[in-house]
2 protein chains.
Amino acid sequence: MTKPTPDPRHTLTLRDVSEASGVSEMTVSRVLRNRGDVSAATREKVLEAARALGYVPNKIAGALASQRVNLVGVVIPSLSNMVFPEVMTGISETLEGTGLQPVVGVTNYLPDREESTIYEMLSWRPSGMIIAGLEHSAASRAMLARAGIPIVEIMDIDGDPIDHAVGISHRRAGRQMAEAIIAAGYRRIAFLGTQMPNDFRAKKRLDGFEEALARAGLSLVDREYYSGGSALLKGREMTAAVLNRTPDIDFLYYSNDMIGAGGLLYCLAQGLDVPDRIGLAGFNGVELLDGLPRKLATMDACRLEIGRKAAEIIAGKAMPGEKVELFPTLQPGDTIRR
Amino acid sequence: MTKPTPDPRHTLTLRDVSEASGVSEMTVSRVLRNRGDVSAATREKVLEAARALGYVPNKIAGALASQRVNLVGVVIPSLSNMVFPEVMTGISETLEGTGLQPVVGVTNYLPDREESTIYEMLSWRPSGMIIAGLEHSAASRAMLARAGIPIVEIMDIDGDPIDHAVGISHRRAGRQMAEAIIAAGYRRIAFLGTQMPNDFRAKKRLDGFEEALARAGLSLVDREYYSGGSALLKGREMTAAVLNRTPDIDFLYYSNDMIGAGGLLYCLAQGLDVPDRIGLAGFNGVELLDGLPRKLATMDACRLEIGRKAAEIIAGKAMPGEKVELFPTLQPGDTIRR
DNA sequence: GTGAAAGCGCTAACAT
DNA sequence: ATGTTAGCGCTTTCAC
């Protein structure tokens, strides 16, 4: 009298649930998707059977049949620098409840990887794509433009978006920071950044920064680049190197908060008078800074808001113009003279 | 004489490439997958046509037909604490070149979200799943066990894996740290952790830690939990609270390096003699510590190695036993008396 | 080396 | 409220 247990090595299909419940495949499908009118009785029978069997629907088949995929591709350069996790939070939060699911791809700032990641993602026919930056290979742009889905380029608005863009002007952010520094009376200003040839946003910030310096008749008195390793440690080392080489520097502008924090710890350890003898500023507004002995000047990159807005566009909750510009706030902290 | 440009609003299919190149769909498919014997001439024709049209294959249809999906589901609780990004790096590195692609889902330590993430992922019929932790809902375990694909539970080995497990013993890690602390002569020891009811690994570390204390006739003299906010700042605040409440504490054991780093900065700012008057230790071995003024004692969680090993199992490059145990090394740094 | 036919597991559209 | 039919865009299998 053994019930014929279904072969556990066979992945279950709608048909199995249909047979187990004595209801047609179509009605089973309706129940499982909460679609159309199904009587409470059949509904119960079906759910019961599906649960008992441990049925997991096959979205591949569903997607092919319905031409609908509830996935949103998200392509970002890195996960390790505190900025993209927060963007992801904004995206996930907003997608929650829309039935859409983010799928993340990381490119490590490599254009080739970006291109293949985009290709790979598009081949799954997602409902939309969110991509960091406005600089992409011609092939990438072409693929995205042809895909027939909403494309949102995030973080940056200094350039021409393929479809939509949500971000800040990094050029302007650099300019603004330079103006604040100059207004505070600093004159011998150095730049310290990570060597990332493909970090176009850092480059734009520096461009804007130097532009504002030039307008004030100033220029950078030194600059230092590093790559790899612990950002905090690198910040220390770079700062030591620059201050040894050019002792009369009175301001250190960092391309991001982590190396800025390293620099700040170094200056404090050296007993330098911050911000009177020397000022410092970073970029991003990472919450890490809240725990430091002194608060580094920085500029909020609007990461959470960017994630939210981008997701809203994909979810059709926003009917924006081509570009959505957000405006970062300068947080002077304790490292710029007042 | 206008060439009939294909409707750009229509997503391209193999058929379009077939017509454009005058080669059968089947042969086009072969070329695009580098399968079987195709003459160099046809090959060129096909690739040319595909490129010209901007064809992107439809993996949904491909997967349905071939019953093969090159995706590996990775389910982790968080992206923001430095530990999982490194695990991801290990996974990506190892999957590189195998044709497999990781797809990440984040659960925020919520069992319900974990369950739905697993369900969602399994419904895409991935080639394997990598999941943080050994504690899952009964439904999650059942789904995974039934899926018929390799399942690797990572980070922890204190428990019963569904299929494979790769990780360290957190219980033992806690024990080891306690033993080192006791051996260094500390006796009034407090614990500081983030309030995460579902962080089972932190809990196991604490269990092991207290077990070793008990064996030495000791017990925690104080404990403090916090949740949310900047970990560095929380570390500061918790440390201040504990030291005010129990001034004669001589050692602070933190559940992770970030709050430990905050505590260390606090102690140094207070002018406390570290490690003689008071010692500190964290957990994880994050590279961030390299940039601090003094190096926090910690224990490497073998994150990169865990990611690599897990991916090797999925990729079939390793034929391991059920559990793969890795052994973290204790890094005494500058905050434990020698 | 190339092509034709069948079908993967599901859902849209149309019955009833 | 439920069932039937005809694909979705590929790949497998087999034929030539």
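Select DNA strand C in this predicted model. Around the strand sit 24 residues. The closest are Leu14(A), Ser29(A), Tyr55(A), Ser24(B) and Arg30(B). Now colour the strand by atom. Of its atoms within 4 Å of the protein, 70% belong to sugar or phosphate, and the rest belong to bases.

Next, pick Asn58(A). A polar backbone atom of Asn58(A) is 3.5 Å from a phosphate oxygen of DNA strand C. Move to Ala61(A). Here a polar backbone atom is 3.2 Å from a base nitrogen of the strand. Then cross to chain B and select Ala65(B). One of its backbone N or O atoms lies 3.2 Å from a base oxygen of DNA strand C.

Show helices now. Helix 2 (25–33) and helix 4 (59–66) of chain A, with helix 2 (25–33) and helix 4 (59–66) of chain B, each give two or more residues to the surface near the strand. Which helix gives the largest share? Helix 4 of chain A, with 4 residues. By type, the residues of this surface are 10 nonpolar, 10 polar and 4 charged.

Leave the DNA and turn to the two chains. 47 residues of chain B are in contact with 47 residues of chain A. The chains bury about 4500 Å² between them, 62% of it on carbon and sulfur atoms. Select Trp124(B), Arg125(B) and Arg146(B): in chain B, these lose the most area to chain A.

Last stop: charges. The interface has 4 salt bridges. One of them joins Glu96(A) and Arg113(B), with the closest N and O atoms 2.8 Å apart. Finish on helix 4 of chain B, which gives the most to the side touching chain A: 5 residues.

Terms used
Residues are numbered from 1 along each chain as its sequence is written. Chains are lettered from A and ligands numbered from 1 in the order in which they are written. This is a predicted model: local features need pLDDT of at least 70, side-chain atom pairs count only at pLDDT 80 or more; totals for chains, interfaces and linings use all residues. Side-chain values use heavy atoms; hydrogens and water are left out. A residue is near a molecule or strand if one of its heavy atoms lies within 4 Å of it. A polar contact is a pair of N or O atoms within 3.5 Å; within protein, one must be able to donate a hydrogen and the other to accept it, and residues adjacent in sequence count only if both atoms are side-chain atoms. Ala, Val, Leu, Ile, Met, Phe, Trp, Tyr, Cys and Pro count as nonpolar, Asp, Glu, Lys and Arg as charged, and the others, Gly among them, as polar. Contact means heavy atoms within 4.5 Å. Buried area is the accessible area (1.4 Å probe) that two parts lose on being put together, summed over both. A salt bridge is a side-chain nitrogen of Lys or Arg within 4 Å of a carboxyl oxygen of Asp or Glu.
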